[in-house]
Amino acid sequence: MNSLFLSLPIFALLALPGCGDDGFSDDGAASGLGDGETSGQTGGEGNEGDGDGDGDSGSDSGDGDPGGDGDGDNGDGDGDADTGDGDGDGDGDESESESESETGDPLCNDVDDVILYLSPDDSNSMSSPVQVRERVLTDGSGSLSGVPVRVWEFMNYYGFDYPAAEDGELALFANMQPLEGEPSTWQLQLAVTSEVMTPAERPPMNLVLALDTSGSMNGEPMNLLKETCRAIAANLAFGDTVSIVEWDTENVWTLAGYPVTGPNDAVLSEKIEELAAGGGTDLNGGLVSGYELAQQTYDINMLNRIVLISDGGANAGVTDIDLIAENAAFGGSDGIYMVGVGVAKDSNYNDKLMNDVTDAGKGASVFVPNDAEAWSVFGDNFENTMAIAGRNVQVELTMPPGFEIVKFSGEEFSSDPKEVEPQHLAPNDAMVFHQQIETCAPELVDDEAEITVVATWEDPWTFESKQIMQSWTFGDLAGMDQGLLLKGAAVLAYAESLKAYQKAQNDAQKTAALSAAFAAISPAQAARPNDDDLLEIAMILAQLNP
């Protein structure tokens, strides 16, 4: 693989297909959804899309309204999950479960268990909540115009202290309670946790820093780029290697496979301080050069990471986002994972491009608006940001007959596993899914009814396939402490309220948009009164409330 990659000229690399496709098929299975990022969702209006206003059409993201308002609405938006017949012609033939009764209501399948496959984004993608906080608490703005709101990133960013898994394993947890006033609806939260990894336990790292030194990085973005690099340098250890490619409209390798002596290596620190901005922005060229360098220095016995630090601009060279994403995906199949770091004021930051690139690169998208965030992400949480505990994690949820998901915090879910992109899970971390589920057959539900969760993944070193399964009865789940479930409900309501707030036209509509978040955060804070995340959310809501 490595020798083939290195033998190809750059124009051939650009033509290679990427492996970072979004997991949706073109058979019409995602048509008619209310949620711009969710496959197979049913019921209600669904969640909106990511608010990026890119106007992409097609079944992969659900935006569906070219040149539209960026709300992610697709099809008729009625949430009825018209899935088509799966034959690829998109003719929308009804399946047995979608056929209607004589009254026009869908028939209730009260016989077959419901099996769904769930996916968040990468467990460390967490750019959008930081952008919201920066806009509201730092800038003091009451406008969220142009700020992305991706619900799953809020679930990633705010912490859920479920117990860690044993070394080399993953662990499963669940919480559930009935939704007040809704006898057929429950709140269900699932978590997949990873092992604890300390700095001393971290495997050696082979790191490539792909650094944007174009003219748009002059000033604060360059200062933040350097501070991020300083935080990374402070957390390297003897046995790690680091490479640097600086890019504007040209690419310069200033370090290649350099073995550091330990934290704050003098040679690396000097290279960081010498960084300066100037020239145009050929992000694609920088990525191609960065991956070429990463392949040349690749070591199967090390953690291989490429860290792209940029304001997300692309104004020279190849600027097609799909082509950039394909280049970012080369390493994803070969164990080189990407972290994309945005450094700019959120009003100047090309969030969509950076999110697309890191998504294709099988890694995390983070936003660094200040020095403190740089040291939080790449200092205190270095292992969490940079390491891998489980590759290609896929979560399967089995519910009793008649159930469906009507609200979902993740990026996508489907009854077809091929439509759901597996994601990597970092150490010291958890994938958390919060959903509302409801049943058309409440008479079948009692304390003995069960849900079952299966997580499959690959060992990051041996690529061995592994699996864990656990079942809980409704009675078991009802008797658990619900503090973390209430926190998840508050985080989900917060993100959804922000999206509604972005559409509000006056103060009355803004107040109404935030009402669900205020209603959800009150019981969560009562259950977890010292939770710093909930305190931050409450402060942002109070600042936004007219």
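Here are some short exercises on helix packing and salt bridges in this predicted model, each with a worked solution.

**Exercise 1.** Work out how helices α13 and α15 are oriented relative to each other, and which hand their crossing has.

*Solution.* Start with the axes: α13 (residues 483–503) and α15 (residues 532–544) come within 11 Å and cross at roughly 25°. Angles under 35 degrees count as roughly parallel, so α13 is roughly parallel to α15. As for the hand, the crossing of α13 and α15 is left-handed.

**Exercise 2.** List the residues through which α13 and α15 meet, then sort the contact by class.

*Solution.* Take the α13 side to begin with: Lys487, Ala490, Val491, Tyr494, Leu498 and Tyr501 make the contact. On the α15 side, their counterparts are Asp533, Leu534, Ile537, Ile540, Leu541 and Leu544. Sorted by class, the contact of α13 with α15 has 10 nonpolar residues, no polar ones and 2 charged ones.

**Exercise 3.** Find the salt bridge between aspartate 533 and lysine 487, say which helices it links, and decide whether lysine 487 is buried or exposed.

*Solution.* Check the distance: the closest N and O atoms of aspartate 533 and lysine 487 are 2.9 Å apart, inside the 4 Å cut-off for a salt bridge. Next, place the partners. Aspartate 533 sits in α15 and lysine 487 in α13, so the pair ties together parts that are 46 residues apart in sequence. Lysine 487 has a relative accessible area of 1%, so it's buried. Now widen the view: Lys487 and Asp533 belong to a network of salt bridges that also links Asp161, Arg528 and Asp531.

**Exercise 4.** Set two other salt bridges side by side, arginine 150 with aspartate 351 and glutamate 273 with arginine 230, and say for each where the partners lie and how accessible they are.

*Solution.* Take arginine 150 and aspartate 351: their closest N and O atoms are 2.7 Å apart. Arginine 150 is in the loop between α3 (127–138) and α4 (151–157), while aspartate 351 is in helix α9 (residues 351–360), so this bridge ties together parts 201 residues apart in sequence. Both partners are buried, arginine 150 at 1% relative accessible area and aspartate 351 at 8%.

Now glutamate 273 and arginine 230, with closest N and O atoms 2.9 Å apart. Glutamate 273 lies in helix α6 (residues 266–273) and arginine 230 in helix α5 (residues 220–234), so the parts tied together are 43 residues apart in sequence. Here glutamate 273 is partly exposed at 41%, and arginine 230 is partly exposed at 26%.

**Exercise 5.** How many salt bridges are there?

*Solution.* Applying the 4 Å cut-off, the count comes to 15 salt bridges.

Note on methods:
Residues numbered from 1 in each chain as written. Predicted model: local features only at pLDDT ≥ 70, side-chain atom pairs only at ≥ 80, totals over all residues. Heavy atoms only, no water. Axes fitted to C-alpha atoms, helices over the stretch in contact; angles between N-to-C directions. Helix = DSSP H or I, 4+ residues; strand = E, 2+ residues; numbered from the N terminus. Parallel < 35°, antiparallel > 145°, perpendicular 65-115°, else oblique. Left-handed = near helix turned anticlockwise from the far one by under 90°. Contact = heavy atoms within 4.5 Å. Nonpolar A, V, L, I, M, F, W, Y, C, P; charged D, E, K, R; others polar. Salt bridge = Lys/Arg side-chain N within 4 Å of Asp/Glu carboxyl O. Buried < 20%, exposed > 50% of the residue type's maximum accessible area, 1.4 Å probe, protein only.
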